Structures are given as structure tokens and as C-alpha cells.
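Work through the following exercises with the structure open beside the text. Each task is followed by a solution in steps.

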Amino acid sequence: MSLYVEVIKNGNGKGEPEHFTINMGPHHPSTHGVLRLVLELDGETIVKCDPRIGYLHRGVEKLAEHLNYNQTIVLSDRLDYIASAANNIAFCLAFEKLLGITPPRRARLIRTIVNEMARISSHLLWLATHALDIGAMTVFLYCFRDREWLLSIFEKVCGARLTHSYVRVGGVRLDFTQEIIDELRRFTEEFPQRILDYETLIDVNRIWLKRTRDVAVVDAETAINLGLTGPVLRGSGVPYDVRKFRPYDAYDEVEFEVPVGERGDTYDRYKVRMKELRQSNWIIKQCLDKLKEVEGEPVLAEEAPDLLLPSRVREPEPKPHPKKGFVFTGKELPVVPPGEAFASIESPKGELAVYVVSDGGPNPWRLRIRTPSFVHISAIPELAKGHMIADLVAIIGTLDVVLGDCDR
Amino acid sequence: MSDIIAQIPYPLLVFIVAFILLNLTLLHVAYLTYAERKIIARMQQRLGPNRVGPRGLLQPIADVLKLLQKEDIIPNNVDKSVFKIAPLISLVCAGTGVSLIPLWEKFVLSNLNVGLLFILALSSLSAYGVILSGWASNSRYALLGGLRSSAQVISYEIAMSLALLSVVLMAGSFNLQDIVKAQVASPFKVYLIPQVVAFFVFMVCALAETNRVPFDLPEAETELVAGYFVEYSGIRFALFYLAEYFGMVVMSALAVTCFLGGYAGPFEVPGLPFIWFLLKLYVLLFFYIWVRATLPRYRYDQLMGLGWKVLIPLALANLFVTAFLKLYL
């Protein structure tokens with residue numbers, strides 16, 4: 001009984017209630033990976049919440065300094081492994097700015113489709129786990145059924161289900177076949193009905209409303225100060241969406257709305273994401289129509305660095321570089337000019353930004369990634385204060401954090 | 001038949017009946033877990049158990065065998081005697097209730113005059129198993145689970161007793177056999193129709209009493225990992241699991257007895273005396289499973305709010321109206 005004696009003895013002596021310290025994670029079913037939270041509880045109410053991160057740290061930024069630009073894309077898959085296509089795009093956009101390459105239109109359209117597919121599959125996984133955390137088990141399996149469909153399409157596109165590495169500097173690796181386009185069309189036709197299915201289960205469910213309404217309310221100002229982005233920020237009523245503000249790929253060609261919430265509570269964020277699912281579906285539809293206009297065009301820019309493509313002629317022997325070891329390139333000059341570039345995209349979780357500095361060598365001199373999950377986790381103590389343990393689970397869910405994305 | 005029964009010495013008769021009853025209930029509990037997994041799988045577009053035996057029918061047996069083989073881990077810092085006895089308290093309290101349920105006009109193991117009270121007392125006592133296991137585990141998650149459970153059971157016990165009191169008022173007896181007989185004699189044949197409010201309150205409370213979704217807070221997997229039995233393993237874990245399903249069966253059987261007319265049916269089925277009772281029982285058990293597949297989980301304070309602010313006043317008002325009607329009609 002030593003534990004309880006200790007808790008009772010350790011009261012602060014000022015007549016204030018003793019706090020109960022509990023360790024949540026890193027092995028806990030609802031911390032979405034390896035997040036560890038040290039909680040101080042007063043009964044079941046959270047007095048203090050202290051997130052500890054780093055259990056999934058792989059040193060992606062440092063690793064990138066020793067890999068050439070195309071190899072870095074494989075690392076990007078492992079950031080937010082639920083929407084790896086979006087990470088690929090962020091990396092490639094930064095590298096393209098550095099190189100001064102513009103991908104052909106077909107490639108940009110395909111990237112937009114892939115990005116939105118990643119968004120849908122990420123949001124489906126979010127809804128599944130969020131609902132499961134709150135206790136609705138059936139929604140979880142319904143979402144996984146539809147995510148499975150999307151993953152099988154991804155498999156047809158690039159052969160991988162989760163870590164795609166599909167996007168390349170200057171375009172994409174492979175063109176869409178007719179089969180993929182037909183399959184995607186079928187998906188976009190049926191998906192709105194599926195969204196309705198989920199909403200029927202939880203949208204007006206009294207218990208769901210009780211668990212999400214007025215939980216973890218963030219007003220617009222606090223949300224901006226905390227650095228929140230993506231659906232979490234839009235749930236607080238700020239219509240900030242990188243796709244609208246700094247359009248990349250083909251987002252300037254397509255129409256879509258940016259849904260925003262009013263109250264900034266967990267339910268609003270849920271609604272925002274559900275609306276985004278519909279918008280993403282619509283964007284995919286528009287892009288599929290536009291793909292017809294660019295039938296047969298290349299999907300990789302002519303001047304794209306052919307670091308890993310077998311179709312181009314490589315030098316038989318790698319050329320030694322005075323500083324950086326071997327340069328695996330078919331071109332005489334350094335592929336990447338010295339300089340720096342910044343690109344940010346609207347990843348499903350929030351704003352994902354990549355800043356890259358080149359010294360003219362084959363590898364990035366420095367690569368810095370700003371991931372939404374890291375910022376969102378830093379907001380948990382603020383949001384959790386005064387809520388109960390059960391709400392903490394909903395808060396982690398509503399922020400939609402992925403620890404691979406946070407720890408890098 | 002009755003001559004033969006009359007010749008059996010009484011203690012032996014009790015033993016035989018208890019043996020039949022225990023096996024019947026254990027069979028039901030085992031296959032309730034199977035049915036739950038199959039039905040929920042169906043609702044969630046999965047397959048459910050389908051590997052052990054035809055259509056997975058031997059799965060419950062395989063589960064029990066597996067759990068029996070597992071090492072019985074007792075952590076170092078636990079209060080060993082309490083830790084060991086807690087699952088037994090839960091199981092015995094949950095299981096004993098079966099002996100009071102009249103399965104048939106001529107088949108009830110102990111026809112107690114205060115049968116209803118006895119069942120309520122047992123279900124209150126089963127909370128001790130939960131609290132003690134939470135305390136003895138010397139783990140913070142288990143303690144939180146145990147505390148949640150004690151609060152929950154105490155609050156919902158009140159509403160449940162009040163709902164059952166209306167039935168007692170109508171039947172004029174605490175004896176379960178008499179309650180069934182009074183129902184058959186009443187104009188509607190079942191108390192479900194005049195006591196629909198009490199039935200609703202009772203079913204919600206039964207969900208809470210047995211720690212089922214949407215009131216499965218003591219063992220909320222996503223919050224407390226497993227709640228009060230987080231430190232248990234092997235057969236002791238299985239005992240808690242069994243206790244939960246025993247609780248479901250007993251609560252459903254009580255609902256059948258008190259609200260759905262017990263073993264009485266629209267017509268007699270020759271050779272199958274228990275058929276109506278079991279049919280009604282299965283309908284209620286299906287309800288439990290259905291709820292689990294559909295609803296999210298309440299939050300602790302909301303659960304308390306629901307119990308104290310909605311169910312107890314509702315049950316009280318219902319009791320008052322019943323008493324009034326009983327006096328003046």
C-alpha cells in the first residue's frame with residue numbers, strides 16, 4: 001500500500017487537495033503512437049499535463065544531409081506515415097524551387113489528386129481513431145473499410161500502400177493508367193454516400209455531442225498564438241488554408257471551399273474535417289476531368305535531375321566530389337545550385353513546411369521541416385487544463401497528431 | 001415424473017438442480033461471448049471468430065483453455081490476499097443471482113420471499129470485487145478504474161431499485177415467482193406496458209451495473225487501458241470477464257422476470273418448458289450487444305449527471321404514479 005500512503009503524505013500541507021500523478025503512455029492505446037503524457041490529477045480533473053516526446057526520433061533532418069535530393073523523398077514518407085504523399089509533395093516543391101524546375105501540368109494534376117487522396121485517407125484514419133477513443137467502435141471499422149479502398153488505389157498507382165515515394169522532383173514517378181482513373185471515378189461517385197454513413201452514426205448522437213461539444217475550446221486568437229494550423233485552426237473560425245493562400249501544384253485551377261467552424265470546440269473540428277472530406281472528393285473529381293485535357297503528356301519535367309531514374313544515361317563511374325564524396329549524376333555540373341528555398345503545403349494535419357539550404361553539393365546542406373504534429377502536441381497542456389482524463393483522449397484525437405510527424 | 005422426483009432426497013435434488021442450472025448458465029455465458037463477437041462483427045462488416053471449429057463455434061472453449069494455461073502473474077507490490085480473492089467476489093456475486101430466477105413454473109432453485117432484494121444485494125456486493133481489485137493492484141490506473149466503478153454502481157443501484165420497486169408495488173410481492181404469476185394475472189399479461197418507464201430506467205441501469213457500453217467507464221480501454229483489472233492475467237482475468245457476462249445474463253433474466261412475464265408465453269410449447277424464458281432472454285442480450293456496436297462512451301461526470309438528474313427523478317416519479325394508481329384504482 002506504499003503508493004497511496006505516499007500520495008496522501010505528499011499533500012502540500014496548505015490544505016489544498018493532493019494531486020495524483022499518472023503516467024499516460026508511451027504505451028497507451030489512445031496516445032496515437034508513442035506520445036507520453038505525465039498528468040497531475042485532482043480526482044479525474046487534469047491540473048497539469050506535460051507531454052514528453054522523442055520516442056520516435058529518427059533524425060530525419062540530419063539523415064537528409066547525407067542523402068541526395070531524390071533519396072530524401074524516401075525519408076519524407078516516414079514523417080506523417082498516414083499521408084506520405086503529402087510529405088513527398090512538400091519536399092519536392094522545396095527542391096523544385098531550389099532547382100528552378102516547374103513540373104508539367106499533367107504531373108501537377110496528378111500530384112493534386114494524390115495529395116487529396118492522402119488527405120481523405122488521413123482524415124478517415126483520424127475519424128476512425130477519434131471515434132474509437134470516444135468509444136464508438138463501429139465507425140472505426142467503417143472508416144477502415146473505405147481507407148482500404150483508397151490504399152488499394154495507391155497500390156495500383158505506385159505499388160506501395162503507405163510509404164509511397166511516388167512524387168519526384170519535377171513531377172511524379174509513373175503516369176496514371178486508365179484503370180486507376182476509372183477506379184478513382186468509382187470512388188469519388190460512392191464516397192459522399194459513405195461520408196453520410198459515418199455522419200448518421202455519430203453526427204447527432206447525443207453521447208457524441210456531449211463528449212465533443214465545448215470540449216477543448218480554442219478561440220481564433222489563441223489558436224493563432226499557439227501556432228495551430230490546418231483543420232484545428234479552421235475549426236476556430238480562421239479560414240487559413242495554404243491551398244488558397246499560396247496555391248501550389250494545380251490548386252489554382254480547381255474550385256473548392258475552405259470550411260470553417262464557429263465555436264472552436266472538438267465538435268467543430270470534427271465537422272470541419274467531415275466537410276473537408278467532401279471538398280477533397282470534389283477536387284479529385286475536377287482533377288480527373290482535367291486530366292483528359294493533358295492526355296499523353298509527360299509526367300516528369302525534362303530538366304528533372306535523373307538521380308534514380310534508370311531510363312536516362314548515367315555516367316559509368318560515379319564522379320568523386322572534392323568535399324561531398326561521390327556524385328551520382330549524369331550531368332557534369334552540380335545538380336543543385338547554391339541557395340535556399342522554402343515551400344509549405346496544406347498537409348492533412350496542418351501546414352507542413354520545408355526549408356532547404358544548398359551549398360551546391362549533391363546533398364542538402366541543411367533541411368528543416370516544420371511539422372504540424374509537433375506544434376499541435378505543444379498545445380495539449382493548454383487545451384487539457386481543467387478537463388477530465390476522458391476529454392484528454394478526445395483532445396489528442398481532435399488535434400490529429402502523428403508521432404512520426406512530431407519526432408521526425 | 002413427479003413421483004420419481006419426490007423420491008429423491010432433498011439435498012441431492014438441490015444439488016442436481018444447481019448442477020443443471022450452473023451448466024446451463026455457463027454454457028450461455030460462454031456462447032454469449034461468441035454471439036457478441038459474431039453479431040458485432042456482422043454489424044461492423046467483419047467476419048468474427050471463424051477458425052476454431054465450424055464457423056468458430058469452439059472459440060469460447062479455446063479461449064478458456066488458453067486463459068487457463070497462462071501464467072498467473074501477481075505483481076510484487078500488490079496486497080496478495082485481496083488481489084487473489086477479488087475476482088472470486090465479483091464472479092460469485094454475479095453468478096449467484098441465477099439461482100433465484102424462476103426459469104419455469106416448477107423450476108426455481110431457491111424460491112426466496114425476498115428474491116428481488118437478494119439479487120439487488122448481490123449486484124451491489126459485486127462492486128466490492130471491482131473496488132478491492134482496483135485497490136489491491138497498487139496501480140494508479142486500476143485505482144482510478146475501481147473508484148469510477150464504485151461511484152457508478154452506487155448511483156445506478158438507486159435508480160434501479162426504484163424502478164424495480166414499482167414492479168413490486170404492482171405485484172405486491174418481492175418473490176420473483178409471485179411477480180411472474182401476478183403479471184400473468186394482470187390485464188396486459190406483462191408489466192412492460194404499464195411500467196414502460198420503469199423498464200427503460202431498469203435497462204439503462206442494467207447497462208451501467210454490468211459496466212457495458214455506453215457506461216463501460218471502469219474499464220474504458222482508451223482511457224484507463226483496462227481499468228480495474230489491468231494488473232490481472234490468466235484465469236483471474238478470465239474470472240472478471242466471466243463475471244461481466246454473468247452479470248449481463250442475470251440482469252437480462254431479471255428484466256425478463258420482472259417486466260416481460262418471465263417463463264409465461266402466449267401458448268404452451270410441449271416438451272420445451274424454458275423456451276419462452278430463453279427467447280425473451282436472447283432478445284435482451286441481443287439488445288446489450290447491439291448497444292455496444294452503436295454507441296460511444298459517456299464521460300464520468302456526464303454519467304453521474306445522467307444517473308442522478310435524469311434516471312433517479314424519473315424512477316421516483318414513476319414510483320409515485322404507480323403508488324397513486326394502486327391506491328385509487
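The exercises below concern a predicted model, and they go from chain A to the contact between chains and then to chain B.

**Exercise 1. Describe the make-up of chain A.**

Step 1. Start with the secondary structure: chain A has 16 helices and 10 strands.
Step 2. Turn to burial. Of its 408 residues, 50% count as buried.
Step 3. Look at the contacts in chain A with a separation of 6 or more: 70% of them join residues 24 or more positions apart.

**Exercise 2. Find the turn between strand 2 and strand 3 of chain A, and state how the two strands pair.**

Step 1. Locate strand 2 at residues 36-42 and strand 3 at residues 45-52 of chain A; they pair in the antiparallel sense over seven bridges.
Step 2. Check the register with one pair: A:V38 stands opposite A:D50.
Step 3. Examine the link. Two residues lie between the strands, which form a hairpin, and A:G43 in the turn has a positive phi of about 70°.

**Exercise 3. Work out the strand order of the sheet that contains strand 9 of chain A, and identify its edges.**

Step 1. The order is 8-9-10, in an open sheet of three strands with antiparallel pairing.
Step 2. Strand 8 (339-347) and strand 10 (366-370) of chain A each pair on one side only, and these are the edge strands.
Step 3. From one strand to the next, the twist averages 10°.
Step 4. Strand 9 (residues 350-358) of chain A meets strand 10 over five bridges; within this pairing, A:Y355 has A:R368 as its bridge partner.
Step 5. Add the helix that lies across strand 8 and strand 9: this is helix 4 (residues 84-99) of chain A, running at about 150° to strand 8.

**Exercise 4. Characterise the contact between chain A and chain B.**

Step 1. Chain A gives 29 residues to the contact and chain B gives 24 residues.
Step 2. On the side of chain A, the elements that give two or more residues include helix 1 (2-9), strand 1 (20-24), helix 5 (105-134) and helix 6 (137-158).
Step 3. By class, this side of chain A divides into 17 nonpolar, six polar and six charged residues.

**Exercise 5. Describe how the two domains of chain B meet.**

Step 1. The domain assignment gives domain 1 (1-69) and domain 2 (78-328) of chain B, with C-alpha centres 20 Å apart.
Step 2. The contact takes 17 residues from domain 1 and 16 residues from domain 2.
Step 3. On the domain 1 side, helix 2 (10-43) and helix 3 (59-69) of chain B each supply at least two residues. The largest share, 13 residues, comes from helix 2.
Step 4. The domain 1 side has 12 nonpolar, four polar and one charged residues.

**Exercise 6. Is helix 6 of chain B largely enclosed or not, and why?**

Step 1. Helix 6 of chain B covers residues 140-171, and its 32 residues reach 46 Å from first C-alpha to last, close to the 46 Å expected at 1.5 Å a residue.
Step 2. Because 23 of the 32 residues are buried, helix 6 of chain B is largely enclosed by the rest of the structure.
Step 3. After the helix comes B:G172, with a positive phi near 75°.

**Exercise 7. Why does B:L306 count as buried?**

Step 1. Place B:L306 in helix 12 (residues 300-328) of chain B.
Step 2. The cut-off for a buried residue is 20 or more other C-beta atoms within 10 Å. B:L306 counts as buried because it has 21 C-beta neighbours inside 10 Å.
Step 3. Not counting residues up to four places away in sequence, B:L306 touches B:Y298 and B:L311.
Step 4. The C-alpha atom of B:L306 is separated by 9.8 Å from that of B:S155, a residue 151 residues apart along the chain.

Note on methods:
Residues numbered from 1 in each chain as written. Chains lettered and ligands numbered in written order. Predicted model: local features only at pLDDT ≥ 70, side-chain atom pairs only at ≥ 80, totals over all residues. Contact = placed C-beta atoms within 7 Å. Helix = DSSP H or I, 4+ residues; strand = E, 2+ residues; numbered from the N terminus. Nonpolar A, V, L, I, M, F, W, Y, C, P; charged D, E, K, R; others polar. Pairing = 2+ DSSP bridges. Buried ≥ 20, exposed ≤ 12 C-beta atoms within 10 Å, placed from the backbone. Expected span 1.5 Å × (residues − 1). Axes fitted to C-alpha atoms, helices over the stretch in contact; angles between N-to-C directions. Domains from an automatic or database assignment.
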